[in-house]
Amino acid sequence: MDIQLKRGLLDVCVLASIMFKDSYGYRIVKDLKPYVEISESTLYPILRRLESAEMITVRTAEHNGRLRKYYHIEPAGLERIESFRSEWKEIISIYNYVNREDDEND
Amino acid sequence: MTKQEFLNALRGELRSLSEEDIERSLAYFSEAIDDRIEDGMPEEDAVAEMGPVKSAAAGVLADVQRDTRQSEHRTYRPGDDSVRISEAFKHIRIEDSECYIKLLPSADGACCVEYANCGSIRHDCFVENETLVIRSVDERRWFEKLGIRDRQMRVSLYMPATGYETLFINTASGDISIAEGFAFLNAELKTASGDVKLSAYSEEKLSIHSSSGDITASVQGPGSVKADSMSGDVQIIGNTGEGDVAAESKSGDVKIESVQCSFLKAHTLSGDMIISDAACITANINTVSGDVCARKLVASGELNAESVSGDVKLTQCDGANMYLKTVSGDIAALLESPKRFVFSTVSGHISVPQTFGEGECEIRTISGNARITVK
């Protein structure tokens, strides 16, 4: 797959995993597993990138006597998902065009 | 590896960073391991799921580098000695005599070539047939080439951090450096005496050649990587594709780290070789007088290691079939799975365990000793 496309898709996948509910590293990796294999090592720079782009925010909370970081989606992150949806419509229409049947009658 | 051992090793890899960056990433991985243990996973497996320490460190380092790069860019203003390129291009061709060539991602997505201290070396810079060409034209008279230059001549190409089809750089004595963020289908870098340092995504083929300079290549992507130097050191880190990886030096050392590939080849004449965390189908390691030290080198097919007078040391290594050969060097190997051992020596002492595996391990020495153990 095209590199830029893949990189962009991973960002959207991570954003989508926290779209409805805040989540944490391991949970995100587990939730994404059926769709895309991603490890915490790969996830780290993505989370940091999304954080510095202010698409997500991080809060630390106690869990079973230790600290866990929860990621929360911000309006800019939701906008990113929305723009993915509209980009995707274009891609689907191109895909449909590529796969079209020859329906012209001579 | 225990959680604490992983975190200690990671801290070691990140020692160049600020304490804040280190603590943040250690807390992150510590949480990831704890979450798995809480989920019922044994500690060792939980740590293994983090992948090699080096790849975990690579992600953190890339992130911190991106941060610093962005802040550098904000203050960057093209001066008089810069040319803005407005035409689109897919190919890049740079031919230069002695300037330091740098490729950097631009902050605003624009493309710009900046010259520093180039004096009377003029550069032609244009786009033709979708190719960006930068070529030095040396108009100096002979006496202008004499004397000591106090400042390094530098050509920096800022361009959008995205994919390009071909990159060709040829320089005589200049260094080449390519910052992280670019992807290339095919890239070829050549320098006579300069060093090459790059971090890139290789889609198909990347080849780097230097005569006396050192090569450090941190590569991602499915493409093949070939790096060779005559007297410089060669280092390849982090290839994760199905392509081949080849590193060669005559008198320099060769280092290959955290790679996944089809065919792995490492060759030196007198330089030493270090290979760690490598998974491949076939591995060919070859030296004359250098020492070979491999850790966690696993070949699903053949693993061949040959030396004349150098020692060969394999730790936690394996291949379906193995062939280990020296003349006067010693061989020490700790293998991951049992083998049928076949060996011959003239005056050396050979000790192998009494195992019967599916694969064969052949050992040949003249005067060298060999000691093989199986995990």
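## A turn after helix α2

B:Gly40 takes a positive phi of about 100°, just after α2(B). The model is predicted. Helix α2 itself covers residues 19-38 of chain B. It has 20 residues and reaches 28 Å from its first C-alpha to its last. That is close to the 28 Å expected at 1.5 Å a residue.

## Domains

Chain B is divided into three parts: domain 1 (3-74), domain 2 (76-195) and domain 3 (214-375). The centres of domain 1 and domain 3 of chain B, taken over C-alpha atoms, are separated by 29 Å.

## The pocket between domains 1 and 3

The second largest pocket holds about 460 Å³ of space. It is lined by 16 residues. The closest to its centre are B:Met1, B:Gly51, B:Pro52, B:Asp277 and B:Lys296. Where does this pocket lie relative to domain 1 and domain 3 of chain B? Both domains give residues to the lining, so the pocket lies between them.

Four elements of chain B each supply at least two residues of this lining: α1 (3-13), α3 (43-48), α4 (53-74) and β20 (292-306). The largest share comes from α3(B), with four residues. By class, the lining of the second largest pocket has seven nonpolar, seven charged and two polar residues.

## Strand β20 and its partners

Strand β20(B), which supplies residues to that pocket, also pairs with other strands. Strand β18 (residues 273-280) of chain B pairs with β20(B) in the parallel sense over seven bridges. Here B:Cys280 has B:Ala299 of β20(B) as its bridge partner.

Strand β19 (residues 282-287) of chain B also runs parallel to β20(B), and four bridges join them. B:Asn286 is matched with B:Glu306 in β20(B) as its bridge partner. A further parallel pairing links β20(B) to strand β21 (residues 312-325) of chain B, over 11 bridges. B:Arg295 stands opposite B:Thr315 in β21(B).

## Strand β4, covered on both faces

Is strand β4 (residues 111-116) of chain B mostly covered or mostly open? It is mostly covered: six of its six residues are buried. The burial holds for both faces of β4(B). On one side lie B:Cys111, B:Val113 and B:Tyr115. On the other lie B:Cys112, B:Glu114 and B:Ala116. The charged residue B:Glu114 is thus among the buried ones.

Two antiparallel pairings involve this strand. Strand β1 (residues 82-85) of chain B pairs with β4(B) in the antiparallel sense over four bridges. In that pairing, B:Ser82 has B:Glu114 of β4(B) as its bridge partner. Strand β7 (residues 154-159) of chain B pairs with β4(B) in the antiparallel sense over five bridges. There B:Tyr115 has B:Val155 of β7(B) as its bridge partner.

## A parallel run through β8

Strand β8 (residues 163-171) of chain B pairs with strand β2 (residues 91-96) of chain B. The two run in the parallel sense over six bridges. B:Ile92 stands opposite B:Leu167 in β8(B).

β8(B) is also joined to β10(B), again in parallel, by eight bridges. B:Gly163 finds its bridge partner in B:Ala183 of β10(B).

## The enclosed cavity

How many cavities of 30 Å³ or more does a search of the whole structure find? The search finds one. The largest cavity has a volume of about 30 Å³. Its lining is made up of B:Phe184, B:Ala187, B:Ala200, B:Tyr201, B:Ser202, B:Lys205 and B:Leu206.

The elements that give two or more residues to this lining are β10 (183-191) and β11 (196-210) of chain B. β11(B) gives the most, with five residues. The residues of the lining divide into five nonpolar, one polar and one charged. B:Ser202 is the polar one, and B:Lys205 is the charged one. Strand β10(B) therefore takes part in two settings: it helps line the largest cavity, and it is joined to β8(B) by eight bridges.

Technical notes:
Residues numbered from 1 in each chain as written. Chains lettered and ligands numbered in written order. Predicted model: local features only at pLDDT ≥ 70, side-chain atom pairs only at ≥ 80, totals over all residues. Heavy atoms only, no water. Expected span 1.5 Å × (residues − 1). 1 Å grid on protein atoms, 1.4 Å probe; cavity = no way out; pocket = protein on both sides within 12 Å on 5 of 7 lines; lining within 4 Å. Points joined across faces, edges and corners; volume = space filled by probe spheres on them. Domains from an automatic or database assignment. Pairing = 2+ DSSP bridges. Buried < 20%, exposed > 50% of the residue type's maximum accessible area, 1.4 Å probe, protein only.
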